[in-house]
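Please open the model in your viewer and keep the selection tool at hand. The tour goes from one stop to the next, with a selection to make at each.

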Amino acid sequence: MPVLTRDEAQTRAQLVDVHHYTVDLDLTRGPDTFDSRTAIRFTARTAGDTFVELKPAELRTVTLDGQPLDPTTLDDNRLPLPALTAGEHELVLDAAMRYSHTGEGMHRFTDPTDGETYVYTQLFMDDVQRVFAAFDQPDLKAVFDLTVTAPDTWTVLANGVTEHLGDGTWRATTTPLLSTYLVAVAAGPWHSIRTEHRGLPFGLHCRRSLAPHLDADADEILDATRACYDRYHEKFDEPYPFDSYDQAFVPEFNAGAMENPGLVTFRDEFVYRSAVTDTERQLRAMVIAHEMAHMWFGDLVTLKWWDDIWLNESFAEYMGYQTLTEATRFKDTWVDFGISRKAWGYDADQRPSTHPVAPEDVPDTASALLNFDGISYAKGASALRQLVAWLGEKDFLAGINTHFERHKFGNATLADFIESLASGTDRDVHAWADIWLRTTGVDTLTGRAGHGTTDSDGWTFTVDRQGSRPHRIAVGLYDHDPADDRALVLRERIDVDVPGAPRTFHGTRPALIVPNDQDLTYAKVRLDTASQQAALRGLSGIPDPLTRAVVWNTLRDMVRDGQLAPAAYLAAAKDHLPAETDLAVVQGVLAFAHTQVADRCTAPADRPAALTLITTLCETLIRRTEDGSHPGLRLTAVRHLIDAAQYADVIRDWYDSGAVPGGPELDPELRWRILGRLSVLGAVDDAVIEAELAHDPSAVGQEGAARCHAALPDPQAKAAAWDALFPTDPARDLSNYLFTATAQGFWQPEQADLLRSYVPRYFTEATALAERRGPAIAAAVGRYAFPEHTVDTDILRLGEQCLADGDPTPALRRRLADQLDDLTRVLKARETLEP
C-alpha cells in the first residue's frame, strides 16, 4: 500500500485548499464493519490531477460535483481525482469500513467482564483513511461536522460537545480548523463523570466495568487537570482553543495517550484497578499535563510536515514535566524524567537508527512513524530544558506566545518557531537550533580535577567535552559529612559553560564533583576517578535526588558502554537502595538491575547470583517498610521480589494466602504477577491459570492468562503460544494487547534450551506477520516478540541476514536494527568483568 511522500503532499497542498468535511458514521451495522459517508468541500487553485485517500472494506459510490465517479478506480488507498478544473468542488463518498483490533483506525473492543462493546478512533499519521475519506496530510486543515449513529445505549464523544438527536444519532459541534489526524470519536456505554471549570465542560469517561476505579480517583485526576489548565493559562496568552475538554480512558490503546482536541484518549491502564505507587500516580498526572500542552503545541499550531514531530512531542514532554512541577503536589517530576524517560532518549540516540531532533529529510509517512521515539520525546524535551537554562524562561515563553499568535489554527515549521523565539532575544537562537536540533548523538562530559603545584595553590577543575554542542550546566561540589563519611554535603554548586577554561579553587578538593548537577543538559556524564570512588561509596548520601539520578544514569551508561562491570552496578544497588528516599530512583534502578543487568548483561552461569542479590535487596526494603510508612516502596520491593524469585515456595505461599505477610493484600495485579512467575518456574499448570481467569475474567485477566500460558516451560504450551502469535489463519489473529501479553510470556531467560529452535523461526515469521498486519503489530513483533534473552553471535548473524535479505517492513526493520544494536552492547557488557 503506498504511503504519502513529502513531495506528493507539497504538490497537493499547492493544488487544493480544503474547507469542510461532513462525516456521517453508522456504528450499528454489525461487529465487522461500519458505514462511512463523507462530503468534502475544497477548492482547486488550478486545473490538475490529485487523489483522496481511503482504506475501505467496500467503496460503494463516489460523486464529484454531483457526477458519479467509478469506485473501481480506487487503487489500494488512493482514489484518483483526474482533470480537476480550477474552482470549488464537492466530493461525496459512501463506503463500508472495517473495525480494527490493532489500535489503528476505528478500534472495536468487547469487554469480557460484562460483554459491553466500545469503539474509538486513533487516526494518527495516516489512519484517518481507515474511518473516512480525506486529503490526509497535516497542512490541509479543515472544519469538520460529524454525525454518528450508534446503538441506543451508547454515548458518543467527539472533538466538541455532542448532542443526542434521538434514534441513536449524535451530532458534534462544528470544529475549528483541524488536521485530519486529530479528528476523534469514542462511542459506547461509557461511565462518565462531568463537571465544569472556568465555564468549560470537563468530562472523564471509562468502560462501565472500571467505573468504581475511576470514581475512586476522579478527584485526583480532575485536580491535576484543573491545575494544569490554570497554569497553562498563566503561561500562554492564547486561551484554550476548543469548546470542551473530555478525557476518555479507552481499552487496548497503543500509546500512552493521544492529544485529540477536546477529546484526549488515554490507555485505560491509567484507571488503576490495583494498588500503585505515588510515582505511578505522578506519571498519570504528567501524561495529563503532556496531552493538555498539545492543545496548543500540535492542535492550535500544527506541524506542516512530519519532519517537525518534535514541535509537538518535545514541547508537550517538556511542558508536561515542568508544569506538573509548578502546579501540582508532584514537585520532583524531573527526577523521574531523569531516571526513566531520559535514559530512553540516550539509548535511542546511540543506535544506528538515531536521527536529529528535527530531521531535515523525512521523505514519507512510513519514515515519519519511526521517529516517534526517545529522541523526539526525551532528547527534545532535554534540549528545550537546556534552551530555557541558556535563554531564560521569560524570553522562552515570550517566543512561544509569539509563535501561537503568528500561527494559531495554522501550520508551522522549525524555521517559523526559531523566528518566533529569535524575535524576543539578542541570543543567536538560529545557531543554537542548528547545533542542538540538526545533529545526532550524545555528548559526553567528563569532570577533570587537578591539584596545584603546592597545597596553597588549591585545585583546578574543567569539564572535557566529547561532542560538539555547547552546554550550560551546574557542577556540584560535595564533601564527606564529618559525622558520617558515607554521607555527602553540598559545598557549592557552580554554573559552568562547556566548553570553557579551567577553573581554579582555593582549599582542598571536594570528595565528589558532579558535572551536570541538577540535570540541566542532555549529555552522558563521566566522573573523575576520585569522584567515581566517592559516588560508589556514598551515592545514597548525596542530598538531592536529581543529582543522585544523574549519578545513577552515569553508572547505567557505563554498563551499557562496557566501562563498568554489571556486577558493580548490582553491588551499588545493594549498597544504596536500602537508604534511597526517592521512589522514582528506586524503581528506575531496580528495573535496570533486573531486566537488563541480571537478565541480559550477566552470563547465564552468574545469573542466579544476580537474582539472589536482587531478592536479598528487596527483602531488605520490605523489612524497612514494615511500619507502613512507605507503602509505595514496599509495593515496589514486593513486585521485584516476585519477578526475581528463583524458587516457588515463598511467592506460592503469598498466592495461596492472598497476602504478603505484613501487607499488602494481593490485588489483581499482584496475583497475576505471582502467577506469571510461578508459570515461568513450572510451579503451576493450565488449570490454576484458568481458575484465576474465572476469578478475574476482565480484559487484564485475559492478558494475564495469555502471558501465563505462554510462560509455562512445556513444549506443548510453547507450541500453542507460538501458533497464537503467528497463526496461519488470519481469522485467529490476536488483538494488539493479547499479542503483546503472549509475546511477553513466551521468551524467558530460564527457558533458553526449550526455546532455542524458535529463534531462527522468529525472523521469517515475524517478517511475514508484520507485512500482513501493519505498523502497530510490526512494532509489537519487534519489541515484545523478539528473543532478546538469546545473547550470542548466532542471533546477531540471523538478524543481520534478515535485515539484508528478508525485506522487513519499515516499522519492523527499525525495531530489529535497534534490538541487534542493544544485543551488541549486551555482549560487550558481559565481557566487562572487573568492577
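What follows is a walk through ring contacts and backbone features of a predicted model.

**Aromatic pairs**

The structure holds 50 aromatic pairs, and two of them serve as stops here. Begin by selecting Tyr 240 and Phe 242, whose rings meet edge-to-face, with 5.7 Å from centre to centre and 80 degrees between the planes. Are these residues buried or exposed? Because the cut-off for buried is a relative accessible area under 20%, Tyr 240 counts as buried at 8%, and Phe 242 likewise counts as buried at 9%.

Now select Phe 315 together with Phe 396, a pair that is stacked, the centres being 6.3 Å apart and the planes at 0 degrees to each other. If you colour the helices, you will find Phe 315 in helix α4 (residues 309–327) and Phe 396 in helix α8 (residues 393–407), so the pair ties together parts that are 81 residues apart in sequence. Both of these phenylalanines, Phe 315 and Phe 396, are buried.

**Arginines over rings**

For the next stop, show the side chains of Arg 12 and Phe 51, where the arginine lies over the face of the phenylalanine at 4.6 Å from the ring centre. Then move to Arg 671 and Tyr 655: here the charged end of Arg 671 sits over the tyrosine ring, 4.4 Å from its centre.

**Cis peptide bonds**

Turn now to the backbone and select Val 498 and Pro 499, which are joined by a cis peptide bond with omega of about 0 degrees. Pro 499 belongs to the loop that runs between β25 (484–498) and β26 (503–505). A further cis bond leads from Gly 663 to Pro 664, with omega near 5 degrees, and Pro 664 is placed in the loop between α17 (649–657) and α18 (668–680).

**Positive phi outside glycine**

Which phi does Phe 409 have, although it is not a glycine? Select Phe 409 and you will find a positive phi of about 60 degrees, in the loop between α8 and β21 (410–412). With a relative accessible area of 26%, Phe 409 is partly exposed.

The last selection is Asn 516, which is not a glycine either and yet has a positive phi of about 60 degrees. Asn 516 has its place in strand β27 (residues 512–517), and at 1% relative accessibility Asn 516 counts as buried, whereas Phe 409 is partly exposed.

Methods:
Residues are numbered from 1 along each chain as its sequence is written. This is a predicted model: local features need pLDDT of at least 70, side-chain atom pairs count only at pLDDT 80 or more; totals for chains, interfaces and linings use all residues. Side-chain values use heavy atoms; hydrogens and water are left out. Rings of Phe, Tyr and Trp (its six-membered ring) pair if their centres lie within 6.5 Å; planes under 30 degrees apart count as stacked, over 60 as edge-to-face and the rest as tilted. Buried means under 20% relative accessible area, exposed over 50%, partly exposed in between (1.4 Å probe, protein chains only). Helices (H or I, at least four residues) and strands (E, at least two) are DSSP runs, numbered from the N terminus. A charge sits over a ring if NZ of Lys or CZ of Arg is within 6 Å of the ring centre and within 35 degrees of the ring normal.
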